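Trainee: I should like to learn how to read the surroundings of a ligand and the pairing of charged side chains. May we work through an example together?

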Amino acid sequence: MKKHNFYAGPSILSEYTLKNTAAAIENFAGTGLSILEISHRSKEFVAVIDEARALFKELLDIPDGYQVLFLGGGASLQFCMVPYNLLNKKASYLDTGTWANKAIKEAKLFGEVDVVGSSKADNYNYIPKGYTVAPDSDYFHITTNNTIYGTEIHNDPDVDVPMVADMSSDIFSRPVDVSKYSIIYGGAQKNLAPAGVTFVIVKEDALGKVDRAIPTMLNYKTHIDKDTMFNTPPVLPIYSALQTLKWYKELGGVEAINKINLHKAQKLYDAIDNSKMFHGTVTNPEDRSIMNITFVMNDEYKELEKDFIDFASTKGIVGIKGHRSVGGFRASTYNALPESSVDVLIAAMKEFENK
Ligand SMILES: *Cc1c(COP(=O)(O)O)cnc(C)c1O
(Lines give C-alpha, C1' and ligand atoms only; values in the text may rest on other atoms or scores of the structure.)
Protein backbone atom coordinates (compact mmCIF):
# COMPACT_ATOMS: atom_id res chain seq x y z
CA MET A 1 0.00 0.00 0.00
CA LYS A 2 1.21 3.50 -0.75
CA LYS A 3 2.22 5.27 2.47
CA HIS A 4 1.32 8.88 3.23
CA ASN A 5 4.13 10.11 5.44
CA PHE A 6 3.14 12.92 7.82
CA TYR A 7 6.02 12.47 10.30
CA ALA A 8 7.34 15.68 11.86
CA GLY A 9 11.02 14.79 11.61
CA PRO A 10 12.89 12.96 10.34
CA SER A 11 10.29 13.21 7.65
CA ILE A 12 9.35 12.66 4.04
CA LEU A 13 11.98 13.24 1.35
CA SER A 14 11.34 13.59 -2.36
CA GLU A 15 11.51 10.46 -4.50
CA TYR A 16 14.23 12.24 -6.47
CA THR A 17 16.32 12.59 -3.28
CA LEU A 18 15.83 8.97 -2.23
CA LYS A 19 16.49 7.51 -5.68
CA ASN A 20 19.69 9.47 -6.28
CA THR A 21 20.98 8.88 -2.74
CA ALA A 22 20.43 5.14 -3.14
CA ALA A 23 22.25 5.19 -6.49
CA ALA A 24 25.25 7.05 -4.99
CA ILE A 25 25.51 4.44 -2.25
CA GLU A 26 26.02 1.88 -5.01
CA ASN A 27 28.19 3.90 -7.37
CA PHE A 28 29.03 7.54 -6.70
CA ALA A 29 29.63 9.88 -9.65
CA GLY A 30 30.90 7.05 -11.85
CA THR A 31 33.81 6.31 -9.49
CA GLY A 32 32.81 2.64 -9.11
CA LEU A 33 32.85 3.26 -5.33
CA SER A 34 30.13 4.00 -2.83
CA ILE A 35 29.83 7.57 -1.55
CA LEU A 36 30.15 5.93 1.89
CA GLU A 37 33.71 4.81 1.23
CA ILE A 38 35.57 7.62 -0.48
CA SER A 39 37.49 10.63 0.76
CA HIS A 40 35.53 13.76 1.53
CA ARG A 41 38.46 15.55 -0.12
CA SER A 42 38.05 13.69 -3.42
CA LYS A 43 37.31 16.02 -6.30
CA GLU A 44 33.93 14.30 -6.78
CA PHE A 45 32.78 15.08 -3.25
CA VAL A 46 34.24 18.59 -3.20
CA ALA A 47 32.07 19.21 -6.28
CA VAL A 48 29.01 18.06 -4.30
CA ILE A 49 29.61 20.40 -1.39
CA ASP A 50 30.42 23.31 -3.70
CA GLU A 51 27.22 22.81 -5.68
CA ALA A 52 25.11 22.43 -2.52
CA ARG A 53 26.48 25.71 -1.12
CA ALA A 54 25.91 27.46 -4.44
CA LEU A 55 22.31 26.20 -4.69
CA PHE A 56 21.59 27.38 -1.14
CA LYS A 57 22.72 30.86 -2.18
CA GLU A 58 20.75 30.78 -5.41
CA LEU A 59 17.47 29.42 -4.02
CA LEU A 60 17.39 31.69 -0.96
CA ASP A 61 18.86 34.66 -2.82
CA ILE A 62 21.62 34.97 -0.19
CA PRO A 63 23.50 38.26 -0.56
CA ASP A 64 27.30 38.58 -0.75
CA GLY A 65 29.05 38.52 2.61
CA TYR A 66 27.29 35.37 3.83
CA GLN A 67 28.67 31.84 4.04
CA VAL A 68 26.78 28.54 3.97
CA LEU A 69 28.12 25.87 6.33
CA PHE A 70 27.23 22.20 6.77
CA LEU A 71 28.00 21.17 10.36
CA GLY A 72 27.22 18.39 12.82
CA GLY A 73 25.43 18.60 16.15
CA GLY A 74 21.91 19.40 14.97
CA ALA A 75 20.00 22.62 15.51
CA SER A 76 20.49 21.94 19.21
CA LEU A 77 24.23 22.65 19.00
CA GLN A 78 23.41 25.97 17.33
CA PHE A 79 21.45 26.97 20.46
CA CYS A 80 24.92 27.15 22.07
CA MET A 81 27.11 28.14 19.10
CA VAL A 82 25.02 31.23 18.32
CA PRO A 83 25.50 32.94 21.71
CA TYR A 84 29.07 31.64 21.97
CA ASN A 85 29.93 33.53 18.78
CA LEU A 86 27.54 36.52 18.90
CA LEU A 87 26.42 37.33 22.43
CA ASN A 88 28.64 39.95 24.02
CA LYS A 89 26.35 41.51 26.62
CA LYS A 90 22.70 41.05 25.85
CA ALA A 91 20.46 39.24 23.38
CA SER A 92 16.67 39.23 22.88
CA TYR A 93 14.66 36.07 22.32
CA LEU A 94 11.03 35.36 21.41
CA ASP A 95 9.64 32.42 23.39
CA THR A 96 7.35 30.52 21.02
CA GLY A 97 7.80 26.95 22.19
CA THR A 98 10.00 24.10 23.37
CA TRP A 99 12.80 24.73 20.87
CA ALA A 100 12.84 28.47 21.52
CA ASN A 101 13.05 27.68 25.22
CA LYS A 102 16.04 25.44 24.73
CA ALA A 103 17.76 28.19 22.77
CA ILE A 104 17.03 30.68 25.59
CA LYS A 105 18.46 28.30 28.20
CA GLU A 106 21.79 28.05 26.35
CA ALA A 107 22.02 31.79 25.69
CA LYS A 108 21.74 32.46 29.43
CA LEU A 109 25.09 30.73 29.87
CA PHE A 110 26.73 33.53 27.89
CA GLY A 111 25.07 36.78 28.93
CA GLU A 112 21.90 38.67 29.64
CA VAL A 113 18.82 37.35 27.86
CA ASP A 114 15.75 39.51 27.36
CA VAL A 115 12.69 37.38 26.58
CA VAL A 116 10.62 39.99 24.73
CA GLY A 117 7.44 37.93 24.44
CA SER A 118 6.07 34.51 25.29
CA SER A 119 2.91 32.52 24.58
CA LYS A 120 3.79 29.87 27.15
CA ALA A 121 0.73 30.59 29.33
CA ASP A 122 -1.49 29.51 26.40
CA ASN A 123 0.54 26.40 25.57
CA TYR A 124 2.19 28.33 22.74
CA ASN A 125 -0.91 28.37 20.55
CA TYR A 126 -0.14 31.79 19.05
CA ILE A 127 2.82 33.99 18.08
CA PRO A 128 3.34 36.93 20.50
CA LYS A 129 3.03 40.36 18.84
CA GLY A 130 3.64 43.95 19.85
CA TYR A 131 6.92 43.18 21.58
CA THR A 132 9.83 45.61 21.73
CA VAL A 133 13.40 44.58 21.06
CA ALA A 134 15.95 46.70 22.93
CA PRO A 135 18.24 48.44 20.41
CA ASP A 136 21.30 47.46 22.45
CA SER A 137 20.64 43.73 21.91
CA ASP A 138 23.43 41.96 20.07
CA TYR A 139 20.75 40.08 18.16
CA PHE A 140 17.08 39.04 18.25
CA HIS A 141 16.44 35.28 18.07
CA ILE A 142 13.25 33.79 16.64
CA THR A 143 12.05 30.27 15.85
CA THR A 144 10.19 30.83 12.60
CA ASN A 145 8.21 27.59 12.66
CA ASN A 146 7.20 25.89 15.89
CA THR A 147 7.16 22.28 14.82
CA ILE A 148 5.47 20.99 17.98
CA TYR A 149 2.73 23.64 18.36
CA GLY A 150 1.89 24.34 14.72
CA THR A 151 2.54 28.08 14.78
CA GLU A 152 4.67 29.99 12.30
CA ILE A 153 6.09 33.46 11.72
CA HIS A 154 5.40 33.88 8.00
CA ASN A 155 7.33 37.10 7.43
CA ASP A 156 10.76 38.33 8.45
CA PRO A 157 10.02 40.70 11.37
CA ASP A 158 11.14 44.34 11.28
CA VAL A 159 13.32 45.11 14.28
CA ASP A 160 16.24 47.46 14.81
CA VAL A 161 18.85 44.78 15.43
CA PRO A 162 20.08 41.87 13.31
CA MET A 163 18.12 38.66 13.70
CA VAL A 164 19.07 35.05 14.23
CA ALA A 165 16.55 32.37 13.26
CA ASP A 166 16.05 28.68 13.84
CA MET A 167 14.43 27.67 10.53
CA SER A 168 14.75 23.92 11.06
CA SER A 169 11.22 23.10 9.98
CA ASP A 170 10.39 25.78 7.40
CA ILE A 171 13.58 26.43 5.47
CA PHE A 172 12.87 26.52 1.71
CA SER A 173 9.11 26.72 2.36
CA ARG A 174 8.94 30.44 1.57
CA PRO A 175 11.18 33.29 0.35
CA VAL A 176 13.31 34.82 3.13
CA ASP A 177 14.98 38.24 3.29
CA VAL A 178 18.35 36.87 4.39
CA SER A 179 19.83 40.38 4.67
CA LYS A 180 17.85 40.89 7.92
CA TYR A 181 19.67 38.02 9.63
CA SER A 182 23.13 37.46 11.11
CA ILE A 183 22.54 33.72 11.23
CA ILE A 184 19.89 31.29 9.95
CA TYR A 185 20.30 27.68 11.02
CA GLY A 186 18.47 24.38 11.21
CA GLY A 187 18.68 20.63 11.34
CA ALA A 188 18.24 19.18 7.86
CA GLN A 189 15.87 16.38 8.81
CA LYS A 190 12.59 18.30 8.34
CA ASN A 191 12.70 19.84 4.89
CA LEU A 192 16.04 18.94 3.33
CA ALA A 193 17.89 15.71 4.03
CA PRO A 194 18.27 12.79 6.40
CA ALA A 195 19.36 13.60 9.96
CA GLY A 196 23.05 14.29 10.50
CA VAL A 197 23.72 17.65 8.90
CA THR A 198 22.93 21.15 10.15
CA PHE A 199 22.87 24.07 7.75
CA VAL A 200 24.13 27.45 8.96
CA ILE A 201 23.91 30.64 6.90
CA VAL A 202 26.19 33.14 8.56
CA LYS A 203 26.98 36.78 7.87
CA GLU A 204 30.75 37.11 8.02
CA ASP A 205 30.92 40.60 9.47
CA ALA A 206 28.63 39.62 12.37
CA LEU A 207 31.52 37.52 13.69
CA GLY A 208 34.62 38.50 15.68
CA LYS A 209 32.76 40.87 18.01
CA VAL A 210 32.82 38.87 21.25
CA ASP A 211 35.70 38.98 23.71
CA ARG A 212 35.64 35.38 24.90
CA ALA A 213 37.81 32.57 23.56
CA ILE A 214 35.80 30.17 21.40
CA PRO A 215 36.75 26.48 21.13
CA THR A 216 37.96 25.69 17.61
CA MET A 217 35.08 23.43 16.55
CA LEU A 218 32.46 25.82 17.95
CA ASN A 219 33.87 28.84 16.17
CA TYR A 220 32.07 29.63 12.90
CA LYS A 221 35.25 31.20 11.58
CA THR A 222 37.05 27.83 11.71
CA HIS A 223 34.48 26.35 9.34
CA ILE A 224 34.32 29.41 7.08
CA ASP A 225 38.11 29.45 6.65
CA LYS A 226 38.12 25.79 5.60
CA ASP A 227 35.13 25.99 3.23
CA THR A 228 33.04 23.93 5.69
CA MET A 229 35.60 21.08 5.51
CA PHE A 230 37.61 21.70 8.69
CA ASN A 231 36.86 18.13 9.70
CA THR A 232 35.01 15.30 7.97
CA PRO A 233 31.56 16.66 7.16
CA PRO A 234 28.41 14.47 7.19
CA VAL A 235 29.00 13.28 3.65
CA LEU A 236 25.83 11.30 2.93
CA PRO A 237 23.29 13.81 4.32
CA ILE A 238 25.06 16.56 2.34
CA TYR A 239 24.75 14.50 -0.82
CA SER A 240 21.03 13.99 -0.13
CA ALA A 241 20.60 17.70 0.60
CA LEU A 242 22.08 18.49 -2.80
CA GLN A 243 19.52 16.22 -4.46
CA THR A 244 16.68 17.97 -2.61
CA LEU A 245 18.05 21.38 -3.61
CA LYS A 246 18.19 20.34 -7.27
CA TRP A 247 14.60 19.14 -7.00
CA TYR A 248 13.57 22.48 -5.42
CA LYS A 249 15.16 24.30 -8.33
CA GLU A 250 13.28 22.10 -10.77
CA LEU A 251 9.99 22.92 -9.00
CA GLY A 252 10.66 26.60 -9.70
CA GLY A 253 12.35 27.69 -6.47
CA VAL A 254 10.98 28.83 -3.13
CA GLU A 255 8.26 31.12 -4.48
CA ALA A 256 6.70 28.29 -6.46
CA ILE A 257 7.13 25.92 -3.50
CA ASN A 258 5.47 28.45 -1.19
CA LYS A 259 2.39 28.59 -3.43
CA ILE A 260 2.06 24.80 -3.36
CA ASN A 261 2.54 24.75 0.43
CA LEU A 262 -0.10 27.44 1.02
CA HIS A 263 -2.54 25.53 -1.15
CA LYS A 264 -1.93 22.19 0.59
CA ALA A 265 -2.18 23.73 4.08
CA GLN A 266 -5.32 25.73 3.25
CA LYS A 267 -7.08 22.59 2.05
CA LEU A 268 -6.38 20.78 5.30
CA TYR A 269 -7.23 23.78 7.51
CA ASP A 270 -10.52 24.19 5.65
CA ALA A 271 -11.35 20.53 6.22
CA ILE A 272 -10.56 20.88 9.94
CA ASP A 273 -12.55 24.11 10.30
CA ASN A 274 -15.56 22.63 8.50
CA SER A 275 -15.54 19.43 10.51
CA LYS A 276 -17.96 18.65 13.34
CA MET A 277 -15.48 16.27 14.91
CA PHE A 278 -12.09 18.02 14.75
CA HIS A 279 -10.82 21.51 15.50
CA GLY A 280 -7.46 23.24 15.10
CA THR A 281 -5.31 24.09 18.13
CA VAL A 282 -4.10 27.35 16.56
CA THR A 283 -7.07 29.61 16.03
CA ASN A 284 -5.47 32.78 14.66
CA PRO A 285 -5.18 32.04 10.90
CA GLU A 286 -2.22 34.43 10.69
CA ASP A 287 -0.19 32.24 13.07
CA ARG A 288 -1.04 28.87 11.58
CA SER A 289 1.89 26.90 10.30
CA ILE A 290 1.89 25.69 6.72
CA MET A 291 4.37 22.95 7.67
CA ASN A 292 2.89 21.36 10.82
CA ILE A 293 -0.88 21.37 11.13
CA THR A 294 -2.07 20.57 14.65
CA PHE A 295 -5.64 19.57 15.48
CA VAL A 296 -7.60 17.65 18.09
CA MET A 297 -11.02 16.04 18.43
CA ASN A 298 -13.82 18.05 19.99
CA ASP A 299 -14.34 17.20 23.67
CA GLU A 300 -17.33 14.92 23.05
CA TYR A 301 -15.26 12.70 20.71
CA LYS A 302 -11.97 12.88 22.61
CA GLU A 303 -11.89 9.15 23.40
CA LEU A 304 -11.94 8.37 19.65
CA GLU A 305 -8.53 9.93 18.95
CA LYS A 306 -6.67 6.65 19.10
CA ASP A 307 -9.31 4.98 16.91
CA PHE A 308 -8.81 7.63 14.25
CA ILE A 309 -5.06 7.02 14.19
CA ASP A 310 -5.72 3.29 13.71
CA PHE A 311 -8.35 4.00 11.04
CA ALA A 312 -6.01 6.37 9.20
CA SER A 313 -3.27 3.75 9.19
CA THR A 314 -5.56 1.42 7.21
CA LYS A 315 -5.42 4.11 4.47
CA GLY A 316 -1.61 4.18 4.54
CA ILE A 317 -1.47 7.36 6.65
CA VAL A 318 1.48 7.40 9.08
CA GLY A 319 2.96 9.89 11.53
CA ILE A 320 -0.15 11.92 12.47
CA LYS A 321 -0.02 11.44 16.24
CA GLY A 322 0.41 14.85 17.89
CA HIS A 323 3.37 15.70 20.10
CA ARG A 324 2.66 14.76 23.72
CA SER A 325 2.68 18.42 24.81
CA VAL A 326 -0.24 19.24 22.47
CA GLY A 327 -1.99 15.87 22.05
CA GLY A 328 -4.37 15.00 19.24
CA PHE A 329 -2.91 15.07 15.78
CA ARG A 330 -0.16 16.75 13.83
CA ALA A 331 0.00 16.48 10.06
CA SER A 332 3.36 17.66 8.79
CA THR A 333 2.99 18.97 5.26
CA TYR A 334 6.62 19.54 4.35
CA ASN A 335 7.75 20.46 0.84
CA ALA A 336 8.12 16.83 -0.24
CA LEU A 337 4.62 15.80 0.83
CA PRO A 338 2.42 15.50 -2.28
CA GLU A 339 -1.00 17.14 -2.34
CA SER A 340 -2.51 13.69 -2.97
CA SER A 341 -1.47 12.65 0.56
CA VAL A 342 -3.34 15.65 1.98
CA ASP A 343 -6.39 14.55 -0.04
CA VAL A 344 -6.18 11.04 1.40
CA LEU A 345 -6.03 12.43 4.95
CA ILE A 346 -9.02 14.73 4.36
CA ALA A 347 -11.02 11.83 2.89
CA ALA A 348 -10.13 9.66 5.90
CA MET A 349 -11.29 12.40 8.29
CA LYS A 350 -14.62 12.70 6.47
CA GLU A 351 -15.15 8.96 6.29
CA PHE A 352 -14.39 8.55 10.00
CA GLU A 353 -16.69 11.42 10.91
CA ASN A 354 -19.57 9.87 8.93
CA LYS A 355 -19.20 6.48 10.59
C1 LIG B 1 13.55 19.51 15.22
C2 LIG B 1 13.84 20.89 15.64
C3 LIG B 1 14.98 21.21 16.41
C4 LIG B 1 15.95 20.16 16.90
O5 LIG B 1 16.83 19.82 15.90
P6 LIG B 1 18.03 18.79 16.17
O7 LIG B 1 18.67 18.78 14.82
O8 LIG B 1 17.42 17.48 16.56
O9 LIG B 1 18.90 19.34 17.22
C10 LIG B 1 15.20 22.53 16.71
N11 LIG B 1 14.36 23.50 16.33
C12 LIG B 1 13.25 23.23 15.61
C13 LIG B 1 12.35 24.35 15.20
C14 LIG B 1 12.96 21.92 15.24
O15 LIG B 1 11.85 21.66 14.54
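Mentor: Let us begin with the residues around the ligand, bearing in mind that this is a predicted model. The ligand is surrounded by 14 residues, of which S76, T147, D166, Q189 and K190 come nearest.

Trainee: Which helix gives the most residues to the shell around the ligand?

Mentor: Helix α3, spanning residues 74–86, contributes four residues to that shell. By character, the shell comprises nine polar, three nonpolar and two charged residues.

Trainee: How far from an oxygen atom of the ligand is a polar side-chain atom of S76, and how far is one of Q189?

Mentor: For S76 the distance is 2.6 Å, and for Q189 it is 3.0 Å. In the side chain of K190, an N or O atom is likewise placed 2.6 Å from an oxygen atom of the ligand. The protein buries 87% of the 390 Å² that the ligand exposes when taken alone.

Trainee: Where does the ligand sit?

Mentor: The ligand occupies the largest pocket.

Trainee: How should I read salt bridges, and how many does a search of the whole structure find?

Mentor: Side chains of opposite charge can pair when their charged atoms come close. In this structure the search finds 14 salt bridges. One of them joins K249 to E58, with 3.0 Å between the closest N and O atoms.

Trainee: Why does the pair of K249 and E58 tie together parts that are far apart in sequence, and which helices are they in?

Mentor: K249 belongs to helix α6 (residues 235–251) and E58 to helix α2 (residues 43–59), so their pairing links parts that are 191 residues apart in sequence.

Terms used: Residues are numbered from 1 along each chain as its sequence is written. This is a predicted model: local features need pLDDT of at least 70, side-chain atom pairs count only at pLDDT 80 or more; totals for chains, interfaces and linings use all residues. Side-chain values use heavy atoms; hydrogens and water are left out. A residue is near a molecule or strand if one of its heavy atoms lies within 4 Å of it. A polar contact is a pair of N or O atoms within 3.5 Å; within protein, one must be able to donate a hydrogen and the other to accept it, and residues adjacent in sequence count only if both atoms are side-chain atoms. Accessible areas come from the Shrake-Rupley method with a 1.4 Å probe; for residues, only the protein chains shown count as cover. On a 1 Å grid over the protein atoms alone, a cavity is a set of points where a 1.4 Å probe fits but cannot get out, and a pocket is an open set with protein on both sides within 12 Å along at least five of seven lines; lining residues have an atom within 4 Å of a point. A molecule sits in a cavity or pocket if more than half of its atoms lie within 2 Å of its grid points. Helices (H or I, at least four residues) and strands (E, at least two) are DSSP runs, numbered from the N terminus. Ala, Val, Leu, Ile, Met, Phe, Trp, Tyr, Cys and Pro count as nonpolar, Asp, Glu, Lys and Arg as charged, and the others, Gly among them, as polar. A salt bridge is a side-chain nitrogen of Lys or Arg within 4 Å of a carboxyl oxygen of Asp or Glu.
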